Amino acid sequence: MRITTIGATATAVAVLASPITSTPAPAPAPVLAVPAASVVSKSAKAASVHGEARISYIESIHDDIRFTIHAEQTPFTRPMPPTAPEGLPTDARGTLKFSHSRGEVTGWAEATVDCLVTSGRTATLTAVVTKSNVEEPGARLGISVQQGGKGKPDRLGFSWGVVNVDPENVDENGQLVRPQAGSCMAPAPFTTVIKGGYKVIHAEITKSPTQPEPAPHHS
């Protein structure tokens, strides 16, 4: 994944990891006028985050940037032998969609959620790209969400653009290459939601299954 720019002087859309192509993009989904509190049952016990919103990003202040997130924690459903044969307590399922429009040009991606962890009104998740005109299929994206309270807006962060940079990781032309995001890894929510919102349901992570006791040693 090549980073074409980091900063406001980019000719490409700064929020995206690679140049926007002319590939036709689906129209952005309508944004909710209020935080999406109604999409999650208040009785839900699993950690989750749901909603859709338009954000304000300082590097692309006039662009239309939207994220739709539906994610739910499903502990121990993604086995990773031999290290974690049962999977992880932060295993998750769901979908992530984003679009970034500048004029008549739109970059977009759809991804499958694989990890989610929460703390209070904050959630961090990752999702693996399945379709996109700006991201490579299989790329993992990191997203953070902070649900606002007491009149404060929701916030969102993402693992590309001005973060997740390794200065020593460059390609043959000396251009920075964006490192892969690890599961549930994302920056602090550094952008502000200006329309729509998210509902975060917090739940403590589940303890890993007890490992079997080693067989007694007989001399």
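**Strands, bridges and a buried threonine**

In this predicted model, histidine 70 has threonine 95 of β3 as its bridge partner.

Me: What makes β2 and strand β3 count as paired?
Reply: Pairing takes at least two bridges found by DSSP. β2 and β3 (residues 92-102) have 10 bridges, running in the antiparallel sense, so they count as a pair.

Me: And how do you know that strand β1 pairs with β2?
Reply: Same kind of check. β1 (residues 48-56) and β2 share 8 bridges, again antiparallel, and the cut-off is at least two, so that's a pair as well. One bridge there goes from glycine 51 to isoleucine 69 in β2.

Me: Why is threonine 124 called buried?
Reply: Its relative accessibility is 15%, and buried means under 20%, so threonine 124 makes the cut. You'll find threonine 124 in strand β5 (residues 122-132).

Me: What makes Cys184 a contact of threonine 124?
Reply: A contact needs heavy atoms within 4.5 Å. Cys184 is on the list of residues that threonine 124 touches, so the pair meets that limit. Others on the list include Leu116, Ile143 and Met185.

Me: Why is strand β2 described as mostly covered?
Reply: Count its residues: 8 of the 10 in β2 (residues 64-73) are buried, which means each of those 8 falls under 20% relative accessible area. Across the chain of 219 residues, buried ones make up 44%.

Me: How many helices and strands does the chain have?
Reply: There are 0 helices and 8 strands, so the pattern along the sequence reads β-β-β-β-β-β-β-β.

Methods: Residues are numbered from 1 along each chain as its sequence is written. This is a predicted model: local features need pLDDT of at least 70, side-chain atom pairs count only at pLDDT 80 or more; totals for chains, interfaces and linings use all residues. Side-chain values use heavy atoms; hydrogens and water are left out. Helices (H or I, at least four residues) and strands (E, at least two) are DSSP runs, numbered from the N terminus. Buried means under 20% relative accessible area, exposed over 50%, partly exposed in between (1.4 Å probe, protein chains only). Lists of a residue's contacts leave out its neighbours within four places in sequence.
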